[in-house]
Structures are given as structure tokens and as C-alpha cells.
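User: Could you take a close look at the nonpolar core of this protein for me, and at what surrounds it? I'd like one connected walk-through I can follow beside the model.

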Amino acid sequence: MSPKGDRGIVPGLVTGMVTTAKQMLAPVRTAEYPDVAPDLPARSRGVIALVEQNCTSCMLCARECPDWCIYIDSHKETVEAPAGGGRARQRNVLDRFAIDFSLCMYCGICVEVCPFDALLWSPAFEYAEGDIRDLLHEKERLGQWVETAPAPPPLDPGAEPASEVSAASKPARGGRARG
């Protein structure tokens, strides 16, 4: 070997040993997950929760889902008119709402498009299954995560009122006030 080749090995070896010593003395950053719960950031995405009484079976979430992993079945029921008059109305009754989490890519489009806030993000993430077929969660299981979902952030006090609120306060056409 030439003397020039020997000079390159020793400094490289020393540099590697110094790097290893620094890593050995650095504090440990490993989290002991099963024993210590992780500190999740605010509003983290874990699982999608369903507020069943808010769902009107409008199918917006199922139509907008790029993976087609939301399944909704419903039927119509007649609601009798109130005693003061009027006519009978029909409303949708939710029979089945299921999300197949083996297909879901957690994009959040379904949560964003829901006009009635029936779908929420819950930070719960421990719902692993041994069988992939068990990742199809029905409305009962989706409803269990509602209590773990954080409250929505407060409204901005400097923001303009919602268009529905400002429209409701305007007088009706023809100059008559709504009553």
C-alpha cells in the first residue's frame, strides 16, 4: 500500500468513532408507545366519527369520496303534519352508514363536504384489526368515536356573519317583515 492510502483510513475511522460516541451520549428520543400514550397535535386525523342524528342521507359524502368506500342505505318515512295545520312531509331515515377503512385514504373530503356536520375527525387511531374484513365499520362503531372528537374551534369574532344569518334578518320580498 502506498503511504497516501493509509492517511485516508485513519482520519475517516476517527471521524466515524466520534460520530458514534455523540449518538451514544445523546438523549433517547424513542417513545415507548404501548406503555406511554403519544402526545398528538391538536386536530389530528385518526378515524372518521359519525353523528347519526345529524345525517340526512344526502349522499354527498359517498358521491365525493374518491375511493368509494362509504356505503349509505336509507328509506323515506312520512312525518305527520303538526296539529295546527300544514301537510305531511317525508324525511330520510338512515338505515346503514358504513366506511371501509381498508379502502379509505383519509383525505377528509367526506368531512369537508358534509353540510350537516355529521362526519367529524376523531384523534382515536387504535382501531387495528387482525382481519382486513373487520375494517368495514358500521354506524354503531362510527358513532362510538364522536365523544373523542374535539370541539370545533371558536368562530372568529371579526368575521362576517354567515350568509344564512344575514339573509334571515332581511325583510321578505314585497317589504313585509318575516314573522
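Analyst: Happy to help; what follows goes from the core to a strand that feeds it, then to the cysteines and two loop residues. Please keep in mind that this is a predicted model.

Let's start with the core itself. The largest nonpolar core holds 26 residues. If you want places to click on, I48, L50, I70, F97, I99, F101 and L119 have the most contacts inside it. Two or more core residues come from each of β1 (47–50), α2 (60–64), β2 (70–79), β3 (89–100), α3 (109–113) and β4 (119–122). Of these, β1 gives the most, with four residues.

That makes β1 a good strand to look at next. Which way do its residues point? V47 and A49 point one way, while I48 and L50 point the other way, and all of them are buried. β1 runs antiparallel to β4, and four bridges join the two strands. One pair to find by eye is A49 of β1 with its bridge partner L120 in β4.

Now come back to I99, one of the residues with the most contacts inside the core. Setting aside neighbours within four places in sequence, I99 is in contact with I48, C69, I70, L135, L136, H137 and L142. So that you can place it, I48 in that list belongs to the pair on β1 that points away from the side of V47 and A49.

At the bench you may well wonder about the cysteines. How many disulfides does the structure hold? Zero. C110 is in no disulfide, and the nearest cysteine sulfur, that of C104, is 6.3 Å away. A disulfide needs sulfur atoms within 2.5 Å. C110 is buried, at a relative accessible area of 8%. C114 is likewise in no disulfide, with the sulfur of C58 as the nearest one at 6.0 Å. C114 also counts as buried, at 13% relative accessibility.

Finally, here are two loop residues to set side by side. S57 sits in the loop between β1 and α2, and W68 in the loop between α2 and β2. Each has a positive phi although neither is glycine: near 60 degrees for S57 and near 55 degrees for W68. Are they buried or exposed? S57 is buried, with a relative accessible area of 7%, whereas W68 is exposed, at 57%. Not counting residues up to four places away in sequence, S57 touches I72, S74, N92, V93 and L94.

Notes: Residues are numbered from 1 along each chain as its sequence is written. This is a predicted model: local features need pLDDT of at least 70, side-chain atom pairs count only at pLDDT 80 or more; totals for chains, interfaces and linings use all residues. Side-chain values use heavy atoms; hydrogens and water are left out. A nonpolar core is a set of buried Ala, Val, Leu, Ile, Met, Phe, Trp, Tyr and Cys residues joined through side-chain atoms within 4.5 Å. Buried means under 20% relative accessible area, exposed over 50%, partly exposed in between (1.4 Å probe, protein chains only). Contact means heavy atoms within 4.5 Å. Two strands pair if DSSP finds at least two bridges between them.
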